[in-house]
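Here's a quick walk through this protein, aimed at someone who'd rather look at the model than wade through tables. Have the viewer open and click along.

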Amino acid sequence: MYLSKSKYTRAVQCPKMLWMDMFMPDEAVEDLNLQEIYERGNEVGDLARQYFGSYALVDFGRGLDSMLSQTQEYLNAGEENIAEASFSFEGNFCSVDILHKNAYGWDIVEVKSSTRVREVYLDDMAYQCYVLRRCGINVTGVYNMHLNGSYVRRGELDLKQLFTVEDCTEAVAARLPYVEGNIRGIERFLAIADDFEPEYGIGMHCESPYSCAYKSYCRRSLPSPNVFDIRGRLGRKKKYELYDNGIITFEEAAASAKLSKKQRLQVETEAFGKPPTVNRKGIEKCLGELTYPLYYLDFETYMQAVPEYDGISPYMQIPFQYSLHIQHEKCGECEHREHLGKEGTDTRRALAEQLCRDIPRDVCSLAYNMQFEKMVIRQLADEYPDLAPHLMNIHDNMRDLMVPFQNGDYYCREMQGSYSIKYVLPALCPNDPELDYHNLDEIHHGGEASTAFAELHKKSPEEIERTRKNLLAYCGLDTLAMVKIVDRLYEIIS
């Protein structure tokens with residue numbers, strides 16, 4: 001088996017993760033965003049190759065031996081920039097995103113679609129440096145090229161502004177002495193565990209630097225619920241400390257753990273079967289801030305790693321859709337309005353104009369976690385000064401339906417410690433198929449909505465029509481859910 005840079009970093013995080021990849025891959029819990037992450041990385045990587053000018057590209061699809069020989073051909077030919085330059089030493093293989101010639105030797109340039117250098121990248125680059133130097137390559141610099149989060153596109157894409165090239169040579173040098181020992185440790189672990197599943201305890205390595213896809217498998221023997229199911233700001237490190245101290249069940253956590261008020265509410269409600277908690281004054285305060293007609297608003301957004309339109313930064317939230325339920329009196333009937341932008345276009349201006357037509361000035365709007373909706377509106381106001389007074393009027397008259405649940409003014413066991421609308425809605429309005437996100441077609445949560453719209457322009461007309469219908473149904477349910485929750489809160493305090 002070749003040990004690649006991705007296998008190396010996975011094994012440094014947890015050697016059993018690599019063993020599971022090899023022998024029990026079906027136990028991985030699928031990451032629905034993984035394909036999108038890969039595609040985003042490929043897009044950024046392809047663009048980054050142009051940063052230093054012309055380059056030679058090693059064909060990744062031709063097999064390892066061909067990649068090694070093609071790399072050597074480019075080196076012999078005097079190429080100064082080689083993308084996917086590939087090297088192998090004693091079973092350790094790596095492809096360098098960009099091998100860049102400098103005045104004294106070669107730079108390793110590792111390209112990432114993130115906006116900062118993460119610690120795990122240093123392990124990746126140290127492994128590459130180790131392999132290349134063992135192959136006789138004079139590596140004198142190691143750099144991480146990542147997206148510049150503060151770059152705002154105006155006109156043609158400026159690669160020198162889009163990317164930040166950060167010198168990591170010293171940080172990599174500090175890790176380099178440990179690479180060979182890590183490799184030998186990985187080899188020993190795999191050799192010992194070749195014929196049986198190895199024992200390897202759970203800990204922070206299950207979470208950092210990446211959440212492990214085999215986490216559920218390794219926790220399969222724990223009772224449910226357990227300390228890892230506690231919500232709120234307990235922190236992953238604290239949960240593992242409790243686990244290491246033998247505090248695993250909710251009963252044990254209730255008796256022994258130092259918990260916040262909201263964490264204790266979750267734990268004791270579940271462990272001791274407590275009835276719903278109702279703080280009438282808190283709920284009344286929230287509802288008392290609402291005025292009618294009431295405008296229930298929810299945005300859907302997506303992100304672009306490489307901004308395609310003016311005024312966009314890497315990973316900026318781009319609104320493409322909203323749903324609006326308008327309720328003219330308390331617990332009254334609603335009218336529904338909606339907007340869904342044209343796929344493959346900059347959706348912001350048309351959305352902002354329609355929003356100003358749909359929501360008059362000086363009315364009360366309601367969102368669930370309004371900080372997100374307010375952020376979107378502020379960005380629209382910054383981009384379109386002519387609409388800014390109206391948009392900021394909507395912004396300033398917004399209220400947040402999440403508050404009574406975030407404050408613990410209403411809590412029941414079915415919420416499982418969460419105040420997300422996806423937990424609050426079925427807890428307050430159970431057994432209503434109209435309000436069940438699982439009954440929707442194709443789009444069941446915001447992540448799926450974002451991905452679907454971002455890829456929509458690549459689909460056939462029939463697929464576009466179907467997905468647009470499903471996007472409208474999903475976003476419409478988000479605001480209908482808020483209507484139902486408000487109506488139910490009035491019932492609870494009546």
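Two residues count as in contact when they have heavy atoms within 4.5 Å of each other. With that in hand: among contacts in the protein chain between residues at least 6 apart in sequence, 69% join residues at least 24 apart. Keep in mind that this is a predicted model.

**The whole chain**

- The protein chain has 19 helices and 13 strands, and 49% of its 494 residues count as buried.
- Taken along the principal axes, the C-alpha atoms fill a box of roughly 80 × 60 × 40 Å.
- The accessible surface comes to about 24100 Å², and carbon and sulfur atoms account for 48% of that.
- On the charge side, there are 55 positive and 77 negative side chains, with the centres of the two sets 6 Å apart.

**Strand E8 and its partners**

- Strand E8 covers residues 294-302, and nine of its nine residues are buried.
- Side chains in a regular strand alternate between the two faces of the sheet.
- Both faces of E8 are covered: Leu 294, Tyr 296, Asp 298, Glu 300 and Tyr 302 are buried on one side, and Tyr 295, Leu 297, Phe 299 and Thr 301 are buried on the other.
- Strand E9 (residues 318-327) pairs with E8 in the antiparallel sense, over nine bridges. One spot to click on is Tyr 296, whose bridge partner in E9 is His 325.
- Strand E11 (residues 364-367) also pairs with E8, this time in the parallel sense and over three bridges. Here Leu 294 stands opposite Cys 364.
- Leading into E8, Pro 293 sits in the loop that follows helix H12 (280-288). The peptide bond from Tyr 292 to Pro 293 is cis, with omega near 5°.

**The six-stranded sheet**

- Look for an open sheet with mixed pairing, its six strands in the order E1-E2-E3-E4-E5-E6.
- Its edge strands are E1 (56-57) and E6 (163-167), each of which pairs on one side only.
- E1 and strand E2 (residues 81-89) run parallel, joined by two bridges; Ala 56 has Ile 82 in E2 as its bridge partner.

**Helices H9 and H1**

- In helix H9 (residues 236-244), the buried residues include Lys 239, Tyr 240 and Leu 242. These three are on the same side of H9 because they cover an arc of only 155° around the axis.
- The buried residues of H9 pack against helix H8 (215-218), while the face turned away from the buried side carries the exposed Lys 237 and Asp 244.
- Just after H9, Gly 246 takes a positive phi of about 80°.
- In the loop between H8 and H9 you'll find Pro 225, which a cis peptide bond with omega of about 0° joins to Ser 224.
- Helix H1 (residues 5-13) buries Lys 5, Tyr 8, Thr 9, Ala 11 and Gln 13. Their cover includes helix H2 (15-23), strands E3 (92-101) and E4 (106-111), and helices H5 (119-134) and H7 (169-192).

**Unusual phi angles**

- Most residues other than glycine have a negative phi.
- Asn 369 goes the other way, with a positive phi near 70°. Asn 369 lies in the loop between E11 and helix H14 and is partly exposed, at 31% relative accessible area.
- Glu 442 isn't a glycine either, and its phi is positive at about 75°. Its home is the loop between helix H17 (421-428) and helix H18 (446-454), where Glu 442 is partly exposed with a relative accessible area of 35%.

**Two more residues to click on**

- Is Asn 470 buried or exposed? Asn 470, found in helix H19 (residues 461-493), has a relative accessible area of 9%, so it counts as buried.
- Leaving out residues up to four places away in sequence, Asn 470 touches Asp 441, Glu 442 and Ile 443.
- Pro 385 belongs to the loop between helix H14 (370-383) and helix H15 (388-396), and with a relative accessible area of 58% it is exposed.
- From Pro 385 to Leu 64 is 55 Å in space, C-alpha to C-alpha, and the two are 321 residues apart in sequence.

Note on methods:
Residues numbered from 1 in each chain as written. Heavy atoms only, no water. Helix = DSSP H or I, 4+ residues; strand = E, 2+ residues; numbered from the N terminus. Buried < 20%, exposed > 50% of the residue type's maximum accessible area, 1.4 Å probe, protein only. Areas by Shrake-Rupley, 256 points an atom, 1.4 Å probe, with all protein chains shown as cover. Lys, Arg positive; Asp, Glu negative; His and termini not counted. Charge placed at Lys NZ, Arg CZ, Asp CG, Glu CD. Pairing = 2+ DSSP bridges. Arc of directions from axis to C-beta.
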